[in-house]
Amino acid sequence: QICRQRLAFARARDLFGRPGVVRATRSVGMSRPQDEESAAKPPPTADAVEFDVYFGSLAQAFAATFFATLALGGVVTFTATDFSMDTDKIIAYYGFINPCLFFDHFPAKALAMAGMGFFLVIGLLFSVMFFVYVYLERRLTTTVWSGIIVSMVTIAHLLFINVFTVNLYPETRRLHGIAADGDAAFSMAAVHEHSMPAADIAAVELHTKFYILWLVAEIVLMLHISGKFFADGQRHWKFWLYSSICVFGAGFHALAMLVMVLQNRPKVDWYFKETMASPVQYAIVYIDARTGSSLWGWLPVMFYRYLFSTGTGLKFKFSLERSEDDDDLGRVEPGLWFGRSWACVAGILALGGIFTPMWIENSTTTFKIVEAMRSKPFGYIAAPVYLACVVYLTMSVALTTVQQRLLNGKTSWPLVWAGMTLCFSTFACVLIVLEEEHFTKYFYATSWASAAAWILILNNLRGRLQLAVTYVVAMVLVLLAVVFVELWFLYYVYLALLVCVRFVSVHESQMFLSVTIIDDPDEAKFRLLHGR
């Protein structure tokens with residue numbers, strides 16, 4: 001009897017004292033057959049996600065973004081700024097109206113910087129697409145050469161953002177080096193009488209040099225694309241007439257601008273008023289003056305991308321299984337890209353502590369370490385690198401959305417909206433380089449909140465919500481300490497946590513990419529992205 005009681009007690013202890021045994025017993029003894037089938041059934045997945053991207057659509061978006069930004073900047077410049085023909089430094093230097101003056105006066109400068117940022121991103125996408133287009137032809141030497149060209153063009157595109165980093169109108173030099181209130185007027189005669197101060201001349205010339213660098217890069221890409229078409233057998237006279245006009249106009253425009261900034265004085269003081277020491281420089285200026293290339297030479301840069309047929313493009317196909325075709329380009333890891341982009345941002349801000357004291361009094365920004373992006377010359381490197389990080393971040397967010405669609409069989413719209421908000425607000429944070437701005441702290445807050453939402457939604461879809469919540473709470477606590485305590489080392493604790501974001505963004509599943517060339521005139525559709 002005692003043995004029976006002990007045996008019954010042991011069985012009861014095993015059943016009720018070990019939860020794992022209870023769950024296993026229930027799953028075996030109490031589950032219905034249909035429950036077993038539903039438990040074993042994998043979640044629905046999508047076979048593939050495809051996107052068609054046409055060169056003609058990108059060319060159209062490239063030109064449209066520039067002219068829309070130019071128009072908007074002009075309207076705001078003439079209606080909401082202190083612009084005056086008598087005191088504008090671009091006019092004082094060159095002697096005529098230049099489209100750049102629509103991008104120099106705040107608040108038009110902020111709108112123009114945002115618009116030109118999108119303009120540069122579209123140009124980068126076009127360059128990357130062109131490189132992939134060449135790569136798919138499977139010619140090693142051509143691919144290497146195209147990679148070198150595209151790399152140089154990419155660097156020049158990123159550095160072009162420094163056209164806005166250069167401040168032509170600081171508070172101490174609003175009107176050609178002479179402090180004046182809003183009611184003061186300075187005529188062109190007075191400007192010539194006093195001449196432009198050296199600081200103003202240096203600022204205008206640095207502003208112009210970044211533009212020349214971008215223009216030269218565009219000419220190089222133009223020549224490279226034309227040379228590729230020539231190598232592929234393109235011999236039509238219209239093609240060569242169009243290419244020749246583009247190269248001539250843009251080339252002499254860039255050379256004339258270079259000669260002007262090399263004089264180290266305003267153009268109005270020497271242009272055809274005295275003999276130039278260099279006959280080569282004089283020949284360039286003479287041809288530019290007779291052909292008017294400085295007036296129209298920038299237009300070919302907006303339109304040479306139309307050398308591609310509107311029906312030419314690339315088809316991107318994403319899937320969870322590797323393709324056996326030759327167009328397979330291997331594995332894509334968007335979560336790793338997401339982590340790398342934020343690690344690069346953290347690196348920029350960490351270096352910023354070397355160039356700018358983080359405890360300086362400034363009411364325009366709450367997160368004071370980002371103040372370093374305004375300091376010179378650090379800002380001339382930090383702003384382009386930050387823009388590259390934003391492009392990388394946007395690609396990672398887009399590809400993560402595609403990956404989740406493949407895994408779940410449907411689009412997670414909360415994830416899409418959180419990702420779009422994250423990308424746009426993070427991009428807008430680049431406006432911190434403008435010394436006049438006082439609103440980027442709202443973009444920082446939006447960027448951080450959308451990043452937290454993105455992380456939580458993403459990990460909820462993956463069943464790892466507890467880890468994401470822990471990470472977000474830690475970031476909130478450190479961020480609050482940074483804002484209210486203002487100890488310098490807390491900034492670096494925050495940046496260290498920012499680097500660790502990869503641990504809540506990387507997914508263990510793999511996604512593969514296949515790309516094929518579209519070259520069908522019947523497929524000429526003017527759309528940026530066509531997904532199905």
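The following legends describe close-up views of a predicted model.

**Figure 1. Overall composition of the protein chain, with 20 helices and five strands.**
The protein chain has 532 residues, of which 48% count as buried. Its accessible surface comes to about 26,100 Å², and carbon and sulfur atoms account for 66% of this area. Where contacts join residues at least 6 apart in sequence, 81% of them link residues at least 24 apart.

**Figure 2. Edge-to-face aromatic pair of Tyr93 and Tyr94.**
The structure contains 29 aromatic pairs. In the pair shown here, Tyr93 and Tyr94 are 4.8 Å apart centre to centre, with 70 degrees between the planes. Tyr93 is buried, because its relative accessibility of 0% falls under the 20% limit. Tyr94 is likewise classed as buried, at a relative accessible area of 4%.

**Figure 3. Tyr271 and Phe272, with the charged end of Lys267 over the ring of Tyr271.**
The ring centres of Tyr271 and Phe272 are separated by 4.8 Å. Their planes meet at 80 degrees, so the pair is edge-to-face, a class that requires an angle over 60 degrees. Tyr271 is partly exposed, with 22% relative accessibility, and Phe272 is partly exposed, with 39%. The charged end of Lys267 is positioned over the Tyr271 ring, at 4.2 Å from its centre.

**Figure 4. Loop residue Phe96 and its surroundings.**
Phe96 belongs to the loop that runs between α5 (89-94) and α6 (108-135). With a relative accessible area of 25%, Phe96 is partly exposed. When residues up to four places away in sequence are set aside, Phe96 touches Ile90, Ile91 and Lys267. Lys267 also places its charged end over the ring of Tyr271. Met85 lies 11 residues from Phe96 along the chain, and the C-alpha atoms of these two residues are 9.5 Å apart.

**Figure 5. Aromatic cluster linked by ring pairs.**
The cluster comprises Phe62, Phe66, Phe67, Phe119, Phe160, Tyr211, Trp214, Trp298, Phe303 and Tyr306. One of its members, Phe62, has the charged end of Arg305 over its ring, 3.8 Å from the ring centre.

**Figure 6. Environment of the buried residue Arg305.**
Arg305 is located in the loop between α14 (299-303) and β2 (312-319). Its relative accessible area is 0%, and Arg305 is therefore classed as buried. The side chain of Arg305 forms a polar contact with the side chain of Glu218 at 3.0 Å. The Arg305 side chain also reaches the backbone oxygen of Val301, at 3.3 Å. Leaving aside residues up to four places away in sequence, Arg305 touches Ala59, Phe62, Gly123, Phe126, His157, Glu218 and Leu221. Among these residues, Phe62 lies beneath the charge of Arg305 in the ring arrangement of the preceding figure.

**Figure 7. Cysteine residues in a structure with zero disulfides.**
A search of the whole structure returns zero disulfides. For Cys389, the closest cysteine sulfur belongs to Cys344. The two sulfur atoms are 4.4 Å apart, which is too far for a bond because a disulfide requires a separation within 2.5 Å. Cys389 is buried, with 6% relative accessibility. Cys100 also counts as buried, at 18% relative accessibility, because this value is under 20%.

Conventions: Residues numbered from 1 in each chain as written. Heavy atoms only, no water. Phe/Tyr/Trp six-rings, centres within 6.5 Å; stacked < 30°, edge-to-face > 60°. Buried < 20%, exposed > 50% of the residue type's maximum accessible area, 1.4 Å probe, protein only. Lys NZ or Arg CZ within 6 Å of the ring centre and 35° of its normal. Helix = DSSP H or I, 4+ residues; strand = E, 2+ residues; numbered from the N terminus. Polar contact = N/O pair within 3.5 Å; in protein donor to acceptor, adjacent residues only side chain to side chain. Contact = heavy atoms within 4.5 Å. Areas by Shrake-Rupley, 256 points an atom, 1.4 Å probe, with all protein chains shown as cover.
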